Amino acid sequence: MLSAIARSVGSNSVAPTCAIAGHAGSWGRFKLGVSMFTIRLRVAILGVILTASTMMSGCNPGSEADAASLSDASSAAGPDAFAEARALHDRFVTLDTHLDTPVHFSRPGWDIMQRHDFFTDRSQVDYPRMQEGGLDGGFWVIFTQQGPRTPEGHALALDHGLLVAMRIREMVARNHEHFELALTAADAQRIVDAGRKVVYISIENGYPLGTDPRLLETFYRLGARMFGPVHFANNELGDSATDPSGAEWHGLSEAGKAFVAEANRLGIILDASHASDDVFDQMLELSATPIVLSHSGARAIYDHPRNRDDARLQRLAEHGGVIQMNAFGAYLRPVQQPPARITALRDLRQEFGSLLGMSPEQVAAMAERRREIDEEFPVDYPDLDDFMAHMLHVLELIGPDHVGIGADWDGGGGVEGMWDVAAQPRITKRLIAAGYTEADLAKIWGGNVLRLLQAAEDHARSVAD
Ligand SMILES: [Zn+2]
């Protein structure tokens with residue numbers, strides 16, 4: 001049923017989401033009246049939301065094939081060091097805190113149990129590549145594009161959020177021998193020991209929940225254990241780091257503060273990744289348990305609002321929190337794209353629309369055209385050095401108890417040399433080279449975020465008694 005709905009909405013197309021501006025424009029085409037609230041319209045608009053999120057992976061300039069993966073394998077020290085790093089991943093739980101992969105779950109013919117290739121499929125995570133890269137799982141995201149802040153907009157967004165939660169659970173149910181829903185911190189090790197992949201659920205953008213903190217419990221019961229109140233734009237809960245109109249609430253709204261309390265009561269980790277500095281500061285002060293930046297970087301390395309300054313990162317650590325390092329190229333360093341490239345990519349999106357509605361053949365055709373554009377208009381895209389510059393800086397600043405990885409796979413993440421989850425032992429390899437121990441790596445790759453979830457659970461239990 002879910003896939004049938006998704007198929008029916010697949011033909012919608014929408015503007016790209018690469019820019020960090022808001023996306024209210026894509027809603028403007030729909031004049032919503034209560035009388036028009038047929039399922040069909042809801043589903044059509046849902047398609048716009050889903051489409052926008054699916055196109056995220058189109059923001060990467062991409063590259064000519066995975067030359068970097070070959071360069072690692074072909075250098076003298078490469079294969080052994082990579083294999084050594086990969087082998088370490090089997091010795092501890094490895095989690096990424098921001099997997100946008102649910103955007104692919106409703107694509108016709110897309111199966112998480114099949115191995116895909118980023119350069120022909122535009123996806124970055126599936127079971128075979130998780131095996132290859134030694135990733136045990138992570139937080140699979142219910143992402144909702146920010147839309148109109150009206151009762152109708154919130155109702156549609158709520159439908160969308162519930163649908164994605166169902167889609168994640170449907171994926172687990174279909175593949176229950178290989179994936180399992182994780183609800184407690186202790187579940188991760190147990191699931192890994194059973195030979196399955198770990199599926200925690202997180203929420204990116206509280207927009208579907210409107211101003212009603214009770215809805216957080218609905219999502220908690222569906223499995224959500226991490227909650228980020230905002231995305232690219234301000235909403236009823238607080239300010240975004242990237243809303244072009246600037247601060248609206250100067251932090252969290254009253255509703256946003258109520259959500260912080262409710263997340264604490266339930267045992268949900270609070271995520272300040274897309275939030276403004278003021279929201280970050282207030283969340284840090286208000287939350288009864290340590291907070292996370294599920295996919296962020298260091299402003300000291302690249303001065304971008306999506307990254308955090310050193311003083312805030314230090315306060316995050318003092319409060320027991322964790323920053324999970326983001327591999328979203330445009331937040332790692334400035335990337336100049338020639339205007340002709342931007343035009344070509346826009347035309348490509350207009351021609352093909354959403355990945356959601358494309359057959360595997362259409363996806364392959366789109367990806368081929370994309371490769372041609374990458375060849376004709378190459379960009380100097382950030383690479384693993386740029387990613388590691390952020391990570392090593394933060395590790396130096398606040399230490400391995402407060403750093404993890406949230407690469408933003410399937411949400412725009414990926415750098416030259418690391419285009420999918422199969423390549424991530426390269427991070428481990430670099431960390432080993434920088435002198436980090438196996439105990440450090442175990443914390444970075446999962447121990448730290450599990451400590452936060454445990455703290456959230458413990459607090460919830462203590463206030464329930
Ligand atoms: Zn994000």
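## Worked exercises on a predicted model

An open sheet of four strands runs in the order E8-E7-E9-E10, with parallel pairing. Its edge strands are E8 (307–308) and E10, each of which pairs on one side only. Helices (H or I, at least four residues) and strands (E, at least two) are DSSP runs, numbered from the N terminus. Two strands pair if DSSP finds at least two bridges between them.

Before you start: this is a predicted model, where local features need pLDDT of at least 70, side-chain atom pairs count only at pLDDT 80 or more, and totals for chains, interfaces and linings use all residues. Residues are numbered from 1 along each chain as its sequence is written.

**Exercise 1. Work out how E9 and E10 pair, and which helix packs on their sheet.**

Step 1: Take strand E9 (residues 322–325) and E10; they pair in the parallel sense over three bridges.

Step 2: Pick out one pair of residues: Ile323 stands opposite Val403 in E10.

Step 3: Now add the helix. H15 (residues 384–398) packs on the sheet and touches E7 (292–298), E9 and E10. Its direction makes about 165 degrees with that of E9. Such angles run from 0 to 180 degrees between N-to-C directions, and axes are lines fitted to C-alpha atoms, for helices over the stretch in contact.

**Exercise 2. Find the partners of strand E2 and explain why it counts as largely enclosed.**

Step 1: E2 pairs with strand E1 (residues 95–99) in the parallel sense over three bridges. One of the matches puts Leu95 with Gly137 in E2.

Step 2: E2 is also joined to strand E4 (residues 197–204) by seven bridges, and these two run parallel. Here Gly138 has Val199 in E4 as its bridge partner.

Step 3: Check burial. A residue is buried if 20 or more other C-beta atoms lie within 10 Å of its own, exposed if 12 or fewer, and partly exposed in between, with C-beta atoms placed from the backbone. Seven of the seven residues of E2 (residues 137–143) are buried, so the strand is largely enclosed by the rest of the structure.

**Exercise 3. Describe the packing of H9 against H10.**

Step 1: Two packed helices are described by the angle between their axes and the distance between the axes. For H9 (residues 214–222) and H10, the angle is about 35 degrees and the axes are 9 Å apart.

Step 2: List who meets whom. Two residues are in contact if their C-beta atoms, placed from the backbone, lie within 7 Å. Leu216, Glu217 and Tyr220 in H9 meet Phe259, Glu262, Ala263 and Leu266 in H10.

Step 3: Sort the contact residues of H9 with H10 by class: five nonpolar, no polar and two charged. (Ala, Val, Leu, Ile, Met, Phe, Trp, Tyr, Cys and Pro count as nonpolar, Asp, Glu, Lys and Arg as charged, and the others, Gly among them, as polar.)

**Exercise 4. Compare the surroundings of Val260 and Leu286: is each buried or partly exposed?**

Step 1: Place them. Val260 is found in helix H10 (residues 254–266), and Leu286 in helix H11 (residues 277–286).

Step 2: Count neighbours. Val260 is buried, because 25 other C-beta atoms lie within 10 Å. Leu286 has 16 C-beta neighbours inside 10 Å, so Leu286 counts as partly exposed.

Step 3: Look at contacts, leaving out residues up to four places away in sequence. Val260 touches Leu252, Leu270, Met283, Leu286 and Ser287, while Leu286 touches Lys257 and Val260.

Step 4: Check the spacing. The C-alpha atoms of Val260 and Met283 are separated by 7.1 Å, with their positions 23 residues apart along the chain. Leu286 and Ala261 are 25 residues apart in sequence and 7.8 Å apart in space, C-alpha to C-alpha.

**Exercise 5. Track down where Arg122 and Asp410, two residues with a positive phi, sit.**

Step 1: Recall the background: most residues other than glycine have a negative phi, and most peptide bonds are trans. Arg122 has a positive phi of about 65 degrees, and Asp410 also has a positive phi of about 65 degrees.

Step 2: Locate them. Arg122 is in the loop between helix H5 (118–121) and helix H6 (127–133). Asp410 lies in the loop between strand E10 (403–405) and helix H16 (425–433).

Step 3: Test burial. Arg122 is buried because 25 other C-beta atoms lie within 10 Å, and Asp410 counts as buried because it has 29 C-beta neighbours inside 10 Å.
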